[in-house]
Amino acid sequence: MFQKSTFVILLLFILSSCAVQQKSLETNDWYAFTKTNTAQQEPSKVYEFADGMIRMHGEDLSCLMTKKSYKNFELTLEYRWNLDEKYKMKGTKNSGVMYNIPLDASDKIWPKGIQFQIKEKTTGDFIFLDQVTAKVNGKLVEAGASVVSPKFLENENPYGEWNLVVIKSFNGKITQYLNGKLVNEGTEASSTEGKISLNYERSPIDFKNIKIKNISKE
C-alpha cells in the first residue's frame with residue numbers, strides 16, 4: 001500500500017512538473033504597439049481576440065510583444081491567412097514571428113531580433129534584424145539592418161488552412177519547423193534570449209494555440 005501511494009505521489013509530481021513547464025500565452029502576457037503609436041497599448045485595443053484566436057487586421061503596421069523575456073525555449077503556435085472577404089487585400093501576404101528580442105531593444109517597426117518569416121513562398125526564412133547574426137550552413141551571416149537567410153524546404157499549407165510553427169532556441173542554436181518539418185537552422189546566434197513578437201504587416205492573419213516551454217537540451 002505504501003509503495004502504491006509513493007508511486008501515485010511521484011507520478012502526480014512528474015505530471016505537475018510537466019504541466020508547469022509549458023505555458024499558454026494569454027492576453028495579459030502581451031502588449032501591443034503600432035508604427036504610428038509606439039507607446040505600449042492593451043492588445044485588445046489593437047487586435048481582435050475571438051474564438052480562441054488572435055485576429056490581426058487593419059491598416060497600421062504593428063507588433064504584439066510579450067512582456068517577459070525567454071531563454072532556452074520551445075515556442076509553438078498555429079497561423080492561417082484570414083481570407084474573409086471584408087479583409088481582402090492585394091499583394092503578397094506577409095507576417096512573421098520574432099524571438100530573442102533583447103529587453104533593452106526599442107519598441108519599433110521592426111525591433112532587433114530574429115524572425116521566423118511568414119510570407120508567401122518564403123515561410124521559414126530567417127530574418128536577422130538590427131545587426132543580429134548567426135551561423136547558417138557553417139557560414140556567419142553578415143550583420144545588417146535586415147538580413148535574410150532562406151529556408152531550405154517549403155512546407156506551407158494551402159490558403160485558409162492552419163499551419164503549425166515550432167521555434168527552438170537553445171544557447172545560440174536556433175531551429176525552425178513548419179508543419180512538422182525542419183525548414184531552417186543556425187548556430188551561434190548573437191541574440192540568445194529575449195521577448196517574442198507576432199508581427200502584423202497589413203496582411204490579415206489569425207494566430208492560435210500559442211504555447212512556450214523551457215528546454216534543457218537542443
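The following chat goes through aromatic pairs, charges over rings, nonpolar cores and the largest pocket in a predicted model.

Q: To start with the rings, how many aromatic pairs are there?
A: The count comes to four aromatic pairs in this predicted model.

Q: What kind of pair do tyrosine 79 and tryptophan 81 make?
A: Their planes stand at 75 degrees and their ring centres are 6.0 Å apart, so the pair is edge-to-face. The cut-off for that class is an angle over 60 degrees.

Q: And are those two residues buried or exposed?
A: Tyrosine 79 is buried, having a relative accessible area of 0%. Tryptophan 81 is buried as well, with a value of 3%.

Q: Which class does the pair of phenylalanine 126 and phenylalanine 128 fall into?
A: That aromatic pair is tilted, with 35 degrees between the planes and 5.3 Å from centre to centre. Both phenylalanine 126 and phenylalanine 128 are buried.

Q: Turning to charges, where does the charged end of lysine 93 sit?
A: The charged end of lysine 93 is placed over the ring of tyrosine 159, at 4.6 Å from the ring centre.

Q: What about lysine 208?
A: Its charged end sits over the ring of tryptophan 162, and the distance to the centre of that ring is 4.3 Å.

Q: Now the interior: how many residues are in the largest nonpolar core, and which touch the most other members?
A: The largest nonpolar core holds 38 residues. Those touching the most other members are Met56, Leu75, Val97, Phe128, Leu198, Phe207 and Ile210.

Q: Which strand gives the largest share of this core?
A: Strand E7, residues 73-81, does so with five residues.

Q: Why would such residues gather inside?
A: As a general tendency, nonpolar side chains in soluble globular proteins are buried together.

Q: Going back to isoleucine 210, what does it touch?
A: Leaving aside residues up to four places away in sequence, isoleucine 210 touches Lys23, Ser24, Leu25, Trp30, Ile54, Leu75, Thr76, Leu77 and Leu198.

Q: What does the second core include?
A: This separate core has nine residues, among them Cys63, Met98, Ile101 and Leu129.

Q: Last topic: how much space lies in the largest pocket?
A: The largest pocket holds about 200 Å³ of space.

Q: Which of its lining residues are closest to the centre?
A: Of the 14 that line this pocket, the closest to its centre are Leu25, Glu26, Gly52, Ile54 and Asn209.

Q: Which elements give two or more residues to that lining?
A: They are strand E3 (48-50), strand E4 (53-56) and strand E18 (205-214). The largest share comes from E18, with five residues.

Methods:
Residues are numbered from 1 along each chain as its sequence is written. This is a predicted model: local features need pLDDT of at least 70, side-chain atom pairs count only at pLDDT 80 or more; totals for chains, interfaces and linings use all residues. Side-chain values use heavy atoms; hydrogens and water are left out. Rings of Phe, Tyr and Trp (its six-membered ring) pair if their centres lie within 6.5 Å; planes under 30 degrees apart count as stacked, over 60 as edge-to-face and the rest as tilted. Buried means under 20% relative accessible area, exposed over 50%, partly exposed in between (1.4 Å probe, protein chains only). A charge sits over a ring if NZ of Lys or CZ of Arg is within 6 Å of the ring centre and within 35 degrees of the ring normal. A nonpolar core is a set of buried Ala, Val, Leu, Ile, Met, Phe, Trp, Tyr and Cys residues joined through side-chain atoms within 4.5 Å. Helices (H or I, at least four residues) and strands (E, at least two) are DSSP runs, numbered from the N terminus. Contact means heavy atoms within 4.5 Å. On a 1 Å grid over the protein atoms alone, a cavity is a set of points where a 1.4 Å probe fits but cannot get out, and a pocket is an open set with protein on both sides within 12 Å along at least five of seven lines; lining residues have an atom within 4 Å of a point. Grid points are joined across faces, edges and corners, and a volume is the space filled by probe spheres set on the points.
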